[in-house]
Amino acid sequence: MFLHDKNIYMNPINKELLQQFRSPAFPGSFFLSFEGIEGAGKSTQIISAKEYLESQGFRVLILREPGGTPFGEKLRQAILNSKTELEPISEAYLFASSRAQLLTEVTLKELNVPGTIIIYDRYIDSSIAYQGIARGLGIETILGIHSTFPLNLMPHKTFYLKISLDTSFGRQRVRNSPKDYFESRGKDFYENLVTGFETSCELFPDRICVIDGNRGLDEVFESIKAEIDELIMKKDEQ
Ligand SMILES: Nc1ncnc2c1ncn2[C@@H]1O[C@H](COP(=O)(O)OP(=O)(O)OP(=O)(O)O)[C@@H](O)[C@H]1O
Ligand SMILES: [Mg+2]
């Protein structure tokens, strides 16, 4: 089945559903996420962002999903080491369960401390790309699952590190680590992931900032830093 025609997922999404999603208002604190396919540079750039933000006086916490809580870590092992293919809907709810716990047990509590930055290494846009498009559930199903508190909380800014499949496969080859549940997939799967991320960008243009991740590390970080500076400055003016 070819899922590249993203219009089949765009048509049924109504505005009311999209309006369920909000960024939390926490004075002096920010919620960020990094998205992109494998090898996009998320984990690498998150470390640079953390160092930079700490140099600006923020307290920075990096969170990953599934995981980050004792319950979430158990789910993480169950999903990533799974030898059997899970139903897409099972996968979507497992991620959502872990996410809801992490949001209430960690994210919301920590954001209450002024001067905190929470950075997620993947968040809702990965659910849209992986379970929504690549696994064929449809974007509306993913948005529907996330439309209830606390899952409807959106980052203030999301960095989508956009890379070509050649770049992704090249970096994965260099890394040469054993493939996990999601990485042992073919080119079609990755093309669908890209379609998913791009659809997310269209649905949430204010939140998601597209960064060309094919460039060198420093150049990529300069683009991210410029966006971070703008975000911090805007908040100061409020
Ligand atoms: N801009 C870049 N130029 C060259 N190499 C890069 C760049 N960004 C990341 N890399 C390298 O590519 C590999 C993958 O990067 P990284 O682990 O940050 O990606 P990721 O998006 O977190 O991937 P995953 O989704 O698999 O966790 C690493 O070896 C990293 O050093
Ligand atoms: Mg990573």
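**View 1. Here is the shell around ligand 1, in a predicted model.** Ligand 1 is surrounded by 14 residues, and Glu38, Gly41, Lys42, Ser43 and Thr44 are the closest. To count as near, a residue needs its C-beta atom, placed from the backbone, within 6 Å of the molecule. Helix 3 (42-55), helix 8 (165-175) and helix 10 (217-237) each chip in with at least two residues of this shell. Helices here are DSSP runs of H or I with at least four residues, strands are E runs of at least two, and both are numbered from the N terminus. Sorted by class, the shell around ligand 1 has four nonpolar, six polar and four charged residues. Ala, Val, Leu, Ile, Met, Phe, Trp, Tyr, Cys and Pro go in the nonpolar class, Asp, Glu, Lys and Arg in the charged one, and the others, Gly among them, are polar.

Some housekeeping: residues are numbered from 1 along each chain as its sequence is written, while chains are lettered from A and ligands numbered from 1 in the order in which they are written. As this is a predicted model, local features need pLDDT of at least 70 and side-chain atom pairs count only at pLDDT 80 or more, but totals for chains, interfaces and linings use all residues.

**View 2. Helix 6 is tucked inside the protein.** Eleven of the eleven residues of helix 6 are buried, so the rest of the structure largely encloses this helix. Buried means 20 or more other C-beta atoms within 10 Å of a residue's own, exposed means 12 or fewer, and partly exposed is in between, with C-beta atoms placed from the backbone. Among the buried ones are Ile124, Tyr130 and Gln131. Just after helix 6 comes Gly136, with a positive phi near 80 degrees. Across the protein's 238 residues, 37% count as buried.

**View 3. Helix 6 meets helix 9.** Asp125, Ile128 and Tyr130 are among the helix 6 residues at this meeting, and the helix 9 side includes Phe189, Leu193 and Phe197. Contact means that two C-beta atoms, placed from the backbone, lie within 7 Å. The residues of this contact split into eight nonpolar, six polar and one charged.

**View 4. Phe21 sits in a loop.** Look for Phe21 between helix 2 (15-18) and strand 1 (30-35). Phe21 has 17 C-beta neighbours inside 10 Å, so it counts as partly exposed. Leaving out residues up to four places away in sequence, Phe21 touches Asn152 and Met154. Phe21 and Met154 are 133 residues apart in sequence, yet their C-alpha atoms are 6.2 Å apart in space.
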